[in-house]
Amino acid sequence: MSEEEDLRLSDLFQQASEIQRQMEVSLLGLEQKLVVVKNALCVGRGIRVSVCSALAGLTLREQLALLQRLGKALDLCKDINLVGHAVLIGDRYGVDNLGNLWLKHEDSEEKWSSFFSAVDLVKALRYKKEATLRRGLEFKVAKLMEIEMIFTHDSLSIHPHYSQFLNEIAEGALQHGAVGGGKFQELPVKVTGNLEELGCGATEEIGSPMSFEVDKTMGYVTVPVYESLTNLYKFIEQHGEEALASRLRFKQLEEHLEGMKKKTRKILKLRHLSFDNGLSRDKCISACTRLLRNAHEFTRYTEGLSICVSNEHKLPQSGSKRPLYLKWDFSISDL
């Protein structure tokens, strides 16, 4: 159990408020410096750089230090042309399927420079171009079928089987027209695959399940990458209404949660309100409901605060823009 768990809610709010107030003063110039350094890298070296979400807990000062280290690494390999590339500072080296260049944040500028000198930049640009073409093809298929979207898992997206599938579906849809006469325009379609079955020498299942299915949580249908247009249209026409009903419920729940979020933020006079990614929508709504029900008790503590509803109490980290983490099942008796 963290120290924050032992604090009364009133003390938690008061300490968080003071930390965030001090943080705003101390970080006033750092955000501008981050923007300046990113712009300098973009204009001077032609690259876009960002810190991956896994490192979101880093302070602004630490993020600025990473960007400055990147500048030094680039100075060590001035003969390398990185124009048009995107650099992500994260926890590994490599080139992802979108053509982004990944750097391991713990390493020195010398190691980063060595990576830039050794990495296959032609492959990275090819991946970037292929990703753009793939997104265009997905849009074309969705438009021809008159569905909301068609998508797949990142790992499957780079395999030729997926592009082949999209091309075949596009060609067939051009002849057959919209699926279901155009009544499934709000229905997403997810393509799944199995690397072993696709002859790639692995057993990883990409985007399970490996058959036609209806996802009843988010409201989309899944289709195996080796299926035909005929079977895809047949399944959607037989089960599309069921999927659309689930899709409607999902969107209504999302709209309800967004409405609760806006109302809670307004009434409690919060600067920001967010929810931890691992928290279910029911828990988010439960937390908002209790905050609103006891708003008259909370508003004297919450004005100007940034709060993230999560599974634990956690004070903001000094030097960062992280919010106060508020446990979703807090008890008003702890106030």
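## A tour of the salt bridges around helix 8

Begin by selecting Lys183 and Glu241 in this predicted model: the two side chains form a salt bridge in which the closest N and O atoms are 3.4 Å apart. Lys183 sits in the loop between helix 7 (160-176) and strand 5 (188-194), while Glu241 belongs to helix 8, so the pair ties together parts of the chain that are 58 residues apart in sequence. If you now colour by accessibility, Lys183 comes out as partly exposed with a relative accessible area of 47%, and Glu241 also counts as partly exposed, at 46% relative accessibility.

Keep helix 8 displayed and select Glu254 together with Arg281, which form a salt bridge whose closest N and O atoms are 2.1 Å apart. Here the link again joins distant parts of the chain, since Glu254 lies in helix 8 and Arg281 in helix 9 (residues 281-293), with their positions 27 residues apart in sequence. Glu254 is partly exposed, with a relative accessible area of 31%, and for Arg281 the relative accessibility is 31%, which places this residue in the partly exposed class.

Next, select Glu148, Arg247 and Lys251, which are joined into one network by salt bridges that share partners. Within this group, look at the pair formed by Glu148 and Lys251, where the closest N and O atoms of the salt bridge are 3.7 Å apart. Glu148 is found in the loop between helix 5 (121-145) and strand 4 (149-152), whereas Lys251 is part of helix 8 (residues 229-267), so this contact ties together parts that are 103 residues apart in sequence. Both ends can be checked for accessibility: Glu148 counts as partly exposed at 28% relative accessibility, and Lys251 is partly exposed with a relative accessible area of 27%.

Finally, clear the selection and show the whole chain, in which the structure holds 7 salt bridges. In cartoon view you can follow 10 helices and 11 strands, and the C-alpha atoms fill a box of roughly 65 × 60 × 35 Å along the principal axes. Of the 335 residues, 44% count as buried, and among contacts with a separation of 6 or more, 69% come from residues 24 or more positions apart. Switching to a surface, you see about 18,000 Å² exposed by the chain, of which carbon and sulfur atoms supply 50%. As a last step, colour by charge: the chain carries 44 positive and 46 negative charges, and the mean positions of the two sets are 6 Å apart.

Conventions:
Residues numbered from 1 in each chain as written. Predicted model: local features only at pLDDT ≥ 70, side-chain atom pairs only at ≥ 80, totals over all residues. Heavy atoms only, no water. Helix = DSSP H or I, 4+ residues; strand = E, 2+ residues; numbered from the N terminus. Buried < 20%, exposed > 50% of the residue type's maximum accessible area, 1.4 Å probe, protein only. Contact = heavy atoms within 4.5 Å. Areas by Shrake-Rupley, 256 points an atom, 1.4 Å probe, with all protein chains shown as cover. Lys, Arg positive; Asp, Glu negative; His and termini not counted. Charge placed at Lys NZ, Arg CZ, Asp CG, Glu CD. Salt bridge = Lys/Arg side-chain N within 4 Å of Asp/Glu carboxyl O.
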